[in-house]
Amino acid sequence: MSIMLKCLSHTPLRGRNDPGADVVAEVDAVLTKARAEVEAFDPELILIFAPDHYNGLFYDLMPPFVVATAAESVGDYSTLPGTLSVDAELALELTKHLMDNDLDISLSHRLQVDHGCTQTLEEMTGSLTRYPVIPIIINSVAPPFVPYRRIRKLGEAVGQFLAGLNKRVLILGTGGLSHEPPVPLLAESPAEVQEFLICGRNPTPEARAAREARTIAAGKIYGSELCQQTPLNAAWDEAFIELLLSGELDQVDEFDIQQISAEAGRSTHEVRTWVAAFAALAAVGPYQARKDYYRPINEWIAGYGVVSATPA
Ligand SMILES: O=C(O)CCc1cccc(O)c1O
Ligand SMILES: [Fe+2]
């Protein structure tokens, strides 16, 4: 088995509410290089850890994490629609492996996924079907959350499974870093928003458009004094990236969920996907990681980062 890891932010505001042309060009160059590395690696399997943003998973049944044996893109924010090329048999084997290793994983035989999964898949491969994929969706947006140590253990167990395959595997983590887009909180919402958060699957095109417009409007003022949301936190992001580069992943066991929300924004918890990805790689052996890019980008509502790693 050989293995490559890439973790990167996603943001549906890329191409919709862009920063200056110089920054756009920088990010384009970073993503082009990352994609070329994926192409050269030629993965036989992609294991993607991704969040969901109330598109596939709702409070009527909210799992801490879930393996999908089949996945359909909802095509939000004009992302690619359609069916992902999930390796169903292998996804089921992985699920059993996780259960046998004391992880109470959920299983979906038909999961809707959103930009949180598909944007990165498209950016890294140009498609939703180029390579066989197994999605693992980690709850990062709908509190309460399981502790970070559980995410590290999930990643470890996934890594042990991957180590037993005779395949080239690309591990992806997508989301973060610091950011707080305008996603409603169940406890603070009026009844109709609560209804959406509990069972809002398959919204009307109008409802979807309204949601997208709200995110774009938030991007226009993010980081200014007009904005109510927690601002980006470059220091938090840089420290998190350093932690990953150091290899001392068990430090995430000390992460305080409330404190991260307060200091870096509620959606910062999308970095749980990065924790799982790195824990999976670390389970295979020592690794070498590099920071490809970091910049706080208010227009995108994202502490925007790209990190790569391979076995040392
Ligand atoms: O529509 C949503 O729920 C949030 C959209 C969104 C915006 C900025 C950064 C993100 O990571 C993200 O997911
Ligand atoms: Fe997100």
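**A buried strand, an iron site and a pocket**

Ile48 of strand β2 sits opposite Pro135 in β8. Strands and helices here are DSSP runs numbered from the N terminus, with E runs of at least two residues for strands and H or I runs of at least four for helices. The model is a predicted one, so local features need pLDDT of at least 70 and side-chain atom pairs count only at pLDDT 80 or more, while totals for chains, interfaces and linings use all residues. Residues are numbered from 1 along each chain as its sequence is written, chains are lettered from A and ligands numbered from 1 in the order in which they are written, and side-chain values use heavy atoms, with hydrogens and water left out.

To stay with β2 for a moment, its pairing with β8 (residues 133-138) is parallel and runs over five bridges; two strands pair if DSSP finds at least two bridges between them. β2 also pairs in the parallel sense with β9 (residues 168-174), again over five bridges, and there Leu45 stands opposite Val169. Six of the six residues of β2 are buried, that is, under 20% relative accessible area, with over 50% counting as exposed and anything in between as partly exposed (1.4 Å probe, protein chains only). Leu45, Leu47 and Phe49 point one way, Ile46, Ile48 and Ala50 point the other, and all are buried.

The iron ion (ligand 2) takes its protein donors from His10 (NE2), His53 (NE2) and Glu270 (OE), which lie 2.1 to 2.2 Å away. Donors are N, O and S atoms within 2.8 Å of the metal (3.2 Å for Na, K and Ca), and since water is not among the atoms, sites may look incomplete. Along the sequence the spacing of the donor residues reads H-x42-H-x216-E. The two histidines tie together distant parts of the chain: His10 is in the loop between β1 (2-8) and α1 (21-41), His53 is in the loop between β2 (45-50) and β3 (65-68), and they are 43 residues apart. Both His10 and His53 are buried.

Tyr54 is found in that loop between β2 and β3 too, and has a positive phi of about 55° although it is not a glycine. Tyr54 counts as buried because its relative accessibility is 4%. Asp42, in the loop between α1 and β2, likewise has a positive phi, near 55°, but at 36% relative accessibility Asp42 counts as partly exposed.

Over in β1 sits Lys6, which counts as buried because its relative accessibility is 2%. The Lys6 side chain makes a polar contact of 2.4 Å with that of Glu37; such a contact is a pair of N or O atoms within 3.5 Å, where within protein one must be able to donate a hydrogen and the other to accept it, and residues adjacent in sequence count only if both atoms are side-chain atoms.

As for pockets, the largest has a volume of about 430 Å³. On a 1 Å grid over the protein atoms alone, a pocket is an open set of points where a 1.4 Å probe fits, with protein on both sides within 12 Å along at least five of seven lines, and lining residues have an atom within 4 Å of a point. Grid points are joined across faces, edges and corners, and the volume is the space filled by probe spheres set on them. Of the 28 lining residues, Tyr77, Pro182, Arg211, Arg214 and Thr215 are the closest to the centre. α6 gives the most to the lining, with six residues.
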